[in-house]
Amino acid sequence: MEIKVANKEDFEQLEPLMIEIEHHHVHLEPEVFTPVDFYDREHFDQLIDNEHERVLYIEIEGEVAGMLIAVERQFPPLPIFVGGKYIEIEELSVTKKFRRMGIGKALMNAAEAWAISRGLT
């Protein structure tokens with residue numbers, strides 16, 4: 001199972017799963033989100049261009065099986081925090097066809113490795 005780092009050329013391949021994620025948001029919080037049948041290309045390109053964000057995905061037999069968006073964040077300057085940066089998983093989704101195969105775990109492990117490589121907690 002190969003984990004890939006997304007680039008701008010992957011948009012069309014990843015868009016269906018990203019739309020599925022958006023529909024899930026609408027289902028959970030319809031008072032906040034509105035249904036869409038597309039994913040904002042400009043936002044995707046910004047994710048790819050931002051060195052503090054990482055889009056990972058796994059492809060099986062030509063199909064996107066799952067994807068993850070990880071974001072580097074800074075702890076707020078509050079007395080309770082010792083400072084530093086951490087990783088936040090903004091999105092994680094595995095298509096129904098590929099669930100229960102370790103796809104989500106593999107993506108989380110890859111995100112953790114990326115975080116460690118950047119000195120994040």
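I'll start with Asp10, which sits in the loop between strand S1 (3-5) and helix H1 (11-28). Keep in mind that this is a predicted model.

Is Asp10 buried or exposed? Asp10 has a relative accessible area of 10%, and because the cut-off for buried is under 20%, Asp10 counts as buried. Its side chain reaches back to the backbone nitrogen of Asn7, at 2.9 Å. If we set aside residues up to four places away in sequence, Asp10 touches Val5, Phe44 and Tyr57. Take Tyr57 from that list: 47 residues separate Asp10 and Tyr57 in sequence, yet C-alpha to C-alpha they are 9.8 Å apart in space.

Now the nonpolar cores. The largest one has 16 residues, and those with the most contacts inside it include Phe44, Leu14, Met18 and Met67. Which elements give two or more residues to this core? They are H1, helix H2 (41-49), strand S2 (53-60) and strand S3 (63-74). H1 provides the largest share, 6 residues. A separate core of 14 residues lies apart from this one, with Ile60, Leu68, Ala70 and Trp114 among its members.

Back to Met67 for a moment. Not counting neighbours within four places in sequence, Met67 is in contact with Leu14, Leu17, Met18 and Ile21, among others. Val55, Leu56 and Tyr57 are also on its contact list, as are Glu91, Leu92, Ser93 and Leu107. So Tyr57 comes up twice, since Asp10 touches Tyr57 and Met67 contacts Tyr57 too, with contact meaning heavy atoms within 4.5 Å.

Last, the aromatics. The count comes to 3 aromatic pairs. Phe75, Phe81 and Tyr86 form one aromatic cluster.

Technical notes
Residues are numbered from 1 along each chain as its sequence is written. This is a predicted model: local features need pLDDT of at least 70, side-chain atom pairs count only at pLDDT 80 or more; totals for chains, interfaces and linings use all residues. Side-chain values use heavy atoms; hydrogens and water are left out. Rings of Phe, Tyr and Trp (its six-membered ring) pair if their centres lie within 6.5 Å; planes under 30 degrees apart count as stacked, over 60 as edge-to-face and the rest as tilted. Helices (H or I, at least four residues) and strands (E, at least two) are DSSP runs, numbered from the N terminus. Buried means under 20% relative accessible area, exposed over 50%, partly exposed in between (1.4 Å probe, protein chains only). A polar contact is a pair of N or O atoms within 3.5 Å; within protein, one must be able to donate a hydrogen and the other to accept it, and residues adjacent in sequence count only if both atoms are side-chain atoms. A nonpolar core is a set of buried Ala, Val, Leu, Ile, Met, Phe, Trp, Tyr and Cys residues joined through side-chain atoms within 4.5 Å.
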